[in-house]
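The following paragraphs lead the reader through one structure, step by step. Please keep the sequence and the model in view while reading.

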Amino acid sequence: MASASSEPSSADVRRWRRYLADERAEALVYRDLASRREGEERAILLALADAEGRHEQHWRDLLGSRLRSEPPIGLRTRVLAFLARRFGSVFVLALVQRAESRTPYDDDTDATDQMAADERIHEEVVRGLAARGRSRISGTFRAAVFGANDGLVSNLALVLGIGATGVSPQTVLFTGIAGLLAGALSMGAGEYVSVRSQRELLSGSAPSALANRAVADLDVDANELALVYRARGMSEIDSLAKAASVLAGRESLPGVATGADEHEAIGSGWSAALSSFVFFASGAIIPVIPYLIGLSGLPAIVLASGLVGVALLATGTVVGLLSGTSLLWRAIRQLLIGLGAAAVTYLLGLVFGASLG
């Protein structure tokens, strides 16, 4: 650390300027996100921006007269700010969460312990905000990602397996299109039934509105309302306290259920079905593209595998981004699983083709 009486090195000054730029950038993103929010979320984001402003001032104080110009904000931050202004997307929060988790302040003696602690807490705050967004899109997003991956992998495996048997390119093409339609319809119908069934199960566990209206007529001494909470897993003491709060008018009976949040996370049956259908079809069409443009044999196989590989890397990256985990590992895992399954099917096609021939 450069002391107040010693002259900092040029490396120190460059590092401080980089930190200053990073803090300015993070504050900008938080303010842009806040401009798209209301109420509590807006207040939280503005508080985070203010905290980054305090960190920014720390580096300004260290730089002093050496700060002859403002350090430029990088392209990555400008893109994030643009996305935040236009969409306020959960993608932006997920990226910010990853940035907060990689703070260098823990090992930098020029940063205070309070600043390092702030960044760790900021990561958890952003994680909480991102979780709200994830819960809002999780049902439809799950159907979309699963649909796209199933379309990519299953139709690539189907096309390669059939192609390896030595049939004509036209047969491979029609088989791929049939697999696309059958798979997309099956995925859409399956998602609709799955989501509707899950929502109906949750609705069966939600408290009745009639029970809430009956609260006013309950026998306060017997306090049978406490049995509702005990049936939902509360201890006897906690259930009595909760029931007393409801009887006093401080809470309502439906508040014991989390069904609304669970319904929101699951999504609607139609949206899940449509997402699954569209994304399965969009994934399944990719392995068929080489045959649609007239390729056959090894060139078609190589191009189909390459296109699907790129798409698998993209879907893996998106999942990693939204989950706040490693983007590279998620992408590589998706690629290996998808191409591995297709390779097995291709080898089986070669075996069956040789035996039929």
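In this predicted model, helix H6 provides 3 residues to a nonpolar surface patch, the largest share of that patch. The patch covers about 690 Å² and is made by Phe174, Ile177, Leu181, Ile289, Leu292, Ile293, Leu295 and Leu307. Two elements each give two or more residues to it, namely helix H6, which spans 169-205, and H12. One of the patch residues, Leu292, lies in helix H12. Its relative accessible area is 48%, and Leu292 is therefore partly exposed, since only values over 50% count as exposed.

The patch belongs to a chain that contains 14 helices and 0 strands. Read along the sequence, the pattern is accordingly α-α-α-α-α-α-α-α-α-α-α-α-α-α. Of the 357 residues in the chain, 39% are buried. The chain exposes about 18,900 Å², and carbon and sulfur atoms supply 62% of this area. Contacts also link parts that are separated in sequence: among contacts between residues at least 6 apart, 74% join residues at least 24 apart.

Which residues form an aromatic cluster in this chain? Tyr19, Trp59 and Tyr105 form one such cluster, and a search of the whole structure finds 3 aromatic pairs. In one of the pairs, Tyr19 and Trp59 are tilted, with 4.8 Å from centre to centre and 50 degrees between the planes. Tyr19 lies in helix H1 (residues 10-34) and Trp59 in helix H2 (residues 39-63), so this pair ties together parts that are 40 residues apart in sequence. Tyr19 has 5% relative accessibility and counts as buried, and Trp59, at 0%, is buried as well.

Trp59 also pairs with Tyr105. The centres of these two rings are 5.7 Å apart and their planes stand at 45 degrees, so this pair is tilted. Tyr105 is located in the loop between helix H4 (90-101) and helix H5 (113-164), while Trp59 is in helix H2, so the pair ties together parts that are 46 residues apart in sequence. Tyr105 counts as buried because its relative accessibility, 5%, is under the 20% limit.

Another position for the reader to locate is Ala343, which has its place in helix H14 (residues 327-356). Is Ala343 buried or partly exposed? At 35% relative accessibility, Ala343 counts as partly exposed. Ala343 and Leu156 are 187 residues apart in sequence, and their C-alpha atoms are 9.3 Å apart in space.

Finally, the confidence of the prediction deserves attention. The chain averages a pLDDT of 79, and 75% of the residues score at least 70. Confidence is highest in helix H12 (residues 289-292), at a mean of 94, and lowest in helix H10 (residues 259-266), at 45. Over residues 215-222 the pLDDT is below 50, and this stretch has 5 contacts in the model beyond near neighbours in sequence. Residues 254-266 also have a pLDDT below 50, and that stretch has 22 contacts beyond near neighbours in sequence. Where pLDDT is low, the predicted coordinates should not be read in detail.

Methods. Residues numbered from 1 in each chain as written. Predicted model: local features only at pLDDT ≥ 70, side-chain atom pairs only at ≥ 80, totals over all residues. Heavy atoms only, no water. pLDDT = per-residue confidence, 0-100. Helix = DSSP H or I, 4+ residues; strand = E, 2+ residues; numbered from the N terminus. Contact = heavy atoms within 4.5 Å. Buried < 20%, exposed > 50% of the residue type's maximum accessible area, 1.4 Å probe, protein only. Patch = residues over 30% accessible without salt bridge, like charges linked within 9 Å, V, L, I, M, F, W, Y side chains within 5 Å. Areas by Shrake-Rupley, 256 points an atom, 1.4 Å probe, with all protein chains shown as cover. Salt bridge = Lys/Arg side-chain N within 4 Å of Asp/Glu carboxyl O. Phe/Tyr/Trp six-rings, centres within 6.5 Å; stacked < 30°, edge-to-face > 60°.
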